[in-house]
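Student: I am new to this structure and would like a close look at a single part. Please start from one residue and work outward from there.

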Amino acid sequence: MKRAIITGATGAIGTALIQELVLNGIEVLVFCHKHSKRNLRILDHELITKKYCSLNEIAALKNDTGKTYDVFYHFAWEGTTGVARNDMYLQNQNVRYALDAVAAAKRFGCHTFIGAGSQAEYGRVEGILKPDTPSFPETGYGIGKLCAGQMTREYAHQLGMKHIWTRILSVYGPNDNKKSLVMSTIKKLKLGEKPKFTMGEQMWDYLYSGDAAKAFRLLGEKGCDGKVYVLGSGTVRPLIKYIKIIQNTVNPNADLDIGALPYAEKQVMYLQADITELKEDTGWKPTIEFENGIKCIIN
């Protein structure tokens with residue numbers, strides 16, 4: 001891989017992937033929204049070029065770069081949090097945007113399209129999530145991701161491109177959503193607030209964004225056409241243990257209000273990735289322990 005394109009590049013995974021690609025000498029073209037303040041997160045580097053383009057403009061985007069690219073990473077997605085996750089019209093529009101991204105990948109000469117799915121595609125599963133685990137999504141977001149994965153695979157193959165779909169579990173790291181459990185807890189503890197939580201009995205799988213970025217780079221180089229890969233650390237702990245690690249790292253003397261919040265309706269209580277195929281096909285393995293990942297965020 002010599003050149004790659006990324007949409008949705010200003011979040012935890014996208015910014016980490018840009019850094020990972022550049023460190024490996026890979027030229028990166030970033031599709032980004034012209035008026036987004038988060039564009040400041042994109043590195044200034046000779047190997048990085050920004051092309052301003054919102055999701056609804058991708059369909060008409062032409063390749064005027066004079067270059068051909070190898071791999072197209074599609075992370076951009078609207079309505080990922082709150083009530084928007086069940087906005088069916090919005091989630092359906094995201095599927096259209098994903099198909100537009102496949103067509104753009106072809107116009108820019110890419111031989112591989114890699115899409116970012118979600119554990120939400122599975123719904124609630126009491127067991128390890130594998131590529132072939134039956135999917136019964138319970139939100140518009142999960143339904144949209146499942147549909148996008150299947151439709152972009154068929155469309156990419158129609159256009160003669162390789163297709164890889166990833167179902168991402170809980171990735172954390174710098175530039176993550178400020179409302180995520182990790183980021184909001186760090187912020188509240190630094191401000192001396194007393195954060196509220198459920199009982200924290202959920203068994204959870206967290207993966208550091210730098211490790212996720214390495215996985216995506218290797219998938220672009222070695223991933224198998226047509227496969228679904230589940231992306232996580234492959235290990236689980238009770239959520240309360242992760243919370244305690246954050247507390248001990250940020251402010252060991254801080255108070256936590258454990259059990260103050262009820263579990264959400266349709267709460268997922270077990271989340272663990274089977275990363276066997278990902279490791280076998282690419283040689284990837286996670287290297288950053290949660291404790292060290294939290295320190296990286298703080299630093």
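One residue and its helix

Tutor: T185 is buried, because its relative accessible area is 2% and buried means under 20% (exposed is over 50%, partly exposed in between; 1.4 Å probe, protein chains only). This is a predicted model, in which local features need pLDDT of at least 70 and side-chain atom pairs count only at pLDDT 80 or more, while totals for chains, interfaces and linings use all residues. Residues are numbered from 1 along each chain as its sequence is written, and side-chain values use heavy atoms, with hydrogens and water left out.

T185 sits in helix α4. Helices (H or I, at least four residues) and strands (E, at least two) are DSSP runs, numbered from the N terminus. Outside the four places on either side of it in sequence, T185 has contacts with S180, F197 and I246, where contact means heavy atoms within 4.5 Å.

Helix α4 covers residues 181-190, and T185 shares its buried set with V182, M183, S184, I186 and L189. An α-helix has 3.6 residues a turn, so residues three or four places apart point the same way. The buried residues of α4 pack against two strands, β7 (170-172) and β9 (206-208), and against two helices, α6 (239-250) and α8 (290-298).

V182 shows the packing at one position. Leaving out residues up to four places away in sequence, V182 touches Y172, Y206, I246, F290, I294 and I297. I246 is thus a partner of V182 and also of T185. V182 is also one of the residues with the most contacts inside the largest nonpolar core, as are I6, I18, Y73, F216, L231 and F290; that core has 62 residues. A nonpolar core is a set of buried Ala, Val, Leu, Ile, Met, Phe, Trp, Tyr and Cys residues joined through side-chain atoms within 4.5 Å. There is also a second, separate core of 20 residues, including I58, L61, Y97 and F113.

Consider next the chain on either side of the helix. The loop between β7 and α4 holds N175, which has a positive phi of about 70 degrees although it is not a glycine. At 26% relative accessibility, N175 counts as partly exposed. On the other side, just after α4, G192 takes a positive phi of about 80 degrees. Another positive phi in a residue other than glycine is that of K266, near 60 degrees. K266 lies in the loop between α6 and α7 (276-282), and its relative accessibility of 43% makes it partly exposed.

For contrast in position, take I114 in strand β5 (residues 112-118). The C-alpha atoms of I114 and E193 are separated by 40 Å, and the two residues are 79 apart along the chain. I114 is buried, at 1% relative accessibility. Beyond residues up to four places away in sequence, I114 touches V71, F72, Y73, H74, I164, T166, F216, L219 and G220. Among these partners, Y73 and F216 are listed with V182 for their contacts inside the largest core.

Now the whole chain. The protein chain has eight helices and eleven strands, and its C-alpha trace spans about 55 × 40 × 40 Å along the principal axes. Of its 299 residues, 51% are buried. Among contacts with a separation of 6 or more, 76% join residues 24 or more positions apart.
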